[in-house]
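Biologist: Before I trust any label on a model, I like to ask what earned it. Can you take me through the cut-offs as we go?

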Amino acid sequence: MTTSPPADVPRIKARVTELLTESGIPSAAIGILHHGQITEFACGITDVETGEPATPDTVYQCGSMTKTWTALAFLQHVDEGTVDLDTPVRAYLPDFTVADPVASAEVTPRHLLNHTNGIEEDYGDPGEDDDVYERMVANIADAPQVFPLGHTHGYSVALGYAILARIMEVIDGERWDDIMRNRLFDPMGLTSTSTGREHVDETRAATGHVIRSLEEGPIVTPVDYLPRAFGPSGAVTSTAREVLALAHVLLTGGTCAERAADRVGRQRQGDDAVEGAGPRPVPARSGMGARPHRG
């Protein structure tokens, strides 16, 4: 493995600290992956009420980066031949229906992945039980089109990736949470990455904050967690290091290490880098176009 010169941590940390102060953001965890080596550090505090300092081991909610995790698992199915990007969703979910008959019959996983399906996020309250994504699909029978299928890009905050999750649940016969753990987290050796709040170590978790004004500064959010409907699109929690393990997979053409989080070199402000085990395949090489985040 090729090593690289250490990142200029003091200079980067000083600049990040300035940006946090200017923006009123309590903390940030920074990870840099370069030539297989990770440099990581953290700035700020995890909770404005406790003043607990952030560290590289602090766990953050990934938000919409979760879609990348879900997409990777879905593209594994594509590589395995159990699903096709351009086959209608109804081939996998026979009862799939929305208000528009054309969208009902022709929407594909590619439309969902690329945010070009145009379906209104009108899925009601699907609850917090294990059948949440099945309910979301059932609840959109009357959902209208915001625009015609495939006409343009319209960011789907939760619905599109919930439908993808439901397709995977039907194919694999297990919950989306278990699919993510069995297909990605465990094979990659990710011990700090999870899909449910019940699996998060609260002593390591950053508290959510809202900023109503820079004068007031950040305050602890009254919302403790995202509804489960947002799981496949926003609920994964992780550390900067383990997110970079995912980046390593994507940058190496769908191949990660056996326990990828241990294979990439590590540097914590001067700590020696370490190397781990050899590579194993985590297939997900099906080509997808890039889309901007607008949610």
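Modeller: Let's begin with what covers the buried residues of α2: the list includes α4 (109–113), α6 (159–172), α7 (176–185), α8 (231–234) and α9 (240–251). This is a predicted model, so local features need pLDDT of at least 70 and side-chain atom pairs count only at pLDDT 80 or more, while totals for chains, interfaces and linings use all residues. Residues are numbered from 1 along each chain as its sequence is written, and side-chain values use heavy atoms, with hydrogens and water left out.

Biologist: What makes a stretch a helix here, and how many helices and strands are there in the protein chain?

Modeller: Helices (H or I, at least four residues) and strands (E, at least two) are DSSP runs, numbered from the N terminus. The protein chain has ten helices and nine strands.

Biologist: How do you know that the reach of α2 is close to the expected one?

Modeller: The expected span is 1.5 Å times one less than the number of residues. Helix α2 (residues 66–80) has 15 residues, giving an expected 21 Å, and it reaches 22 Å from its first C-alpha to its last. For the twelve residues of α9, the expected span is 16 Å and the end C-alpha atoms are 16 Å apart, so the two agree.

Biologist: And what follows each of those helices?

Modeller: G81 follows α2, with a positive phi near 85°. Just after α9 comes G253, also with a positive phi, about 70°.

Biologist: Why is α9 called largely enclosed?

Modeller: Buried means under 20% relative accessible area, exposed over 50%, partly exposed in between (1.4 Å probe, protein chains only). Nine of the twelve residues of α9 fall in the buried class, so the rest of the structure largely encloses this helix; among them are R241, E242 and H248. Helix α2 is mostly covered too, with twelve of its 15 residues buried, including K67, Q76 and H77. Over the protein chain, 44% of the 295 residues count as buried.

Biologist: Why is W69 in α2 counted as buried?

Modeller: Its relative accessibility is 1%, so W69 is under the cut-off and counts as buried. W69 also belongs to one of two aromatic pairs.

Biologist: What makes W69 and F185 an edge-to-face pair?

Modeller: In general, a pair of aromatic rings is described by the distance of the centres and the angle of the planes. Rings of Phe, Tyr and Trp (its six-membered ring) pair if their centres lie within 6.5 Å; planes under 30 degrees apart count as stacked, over 60 as edge-to-face and the rest as tilted. W69 and F185 have 5.5 Å centre to centre and 80° between the planes, which makes them edge-to-face. W69 lies in α2 and F185 in α7, so the pair ties together parts 116 residues apart in sequence. F185 is buried as well, at 3%.

The rings of Y133 and W176 have centres 6.3 Å apart and planes at 80°, so that pair is edge-to-face too. Y133 is in α5 and W176 in α7, 43 residues apart.

Biologist: Is D130 buried or exposed, and why?

Modeller: Partly exposed, because its 45% relative accessibility falls between the two limits. D130 is in the loop between α4 and α5 (132–139).

Biologist: What does D130 touch, beyond its neighbours within four places in sequence?

Modeller: R175 and R228, where contact means heavy atoms within 4.5 Å. A polar contact is a pair of N or O atoms within 3.5 Å; within protein, one must be able to donate a hydrogen and the other to accept it, and residues adjacent in sequence count only if both atoms are side-chain atoms. The D130 side chain makes such contacts with the side chains of R175, at 3.1 Å, and R228, at 2.9 Å.

Biologist: What makes R197 a charge over the ring of Y225?

Modeller: The rule wants NZ of Lys or CZ of Arg within 6 Å of the ring centre and within 35 degrees of the ring normal. The charged end of R197 sits over the Y225 ring, 3.5 Å from its centre.

Biologist: How many disulfides does the structure hold?

Modeller: Zero, where a disulfide is a pair of cysteine sulfur atoms within 2.5 Å. C43 counts as buried at 3%, and C62 is buried at 12%.
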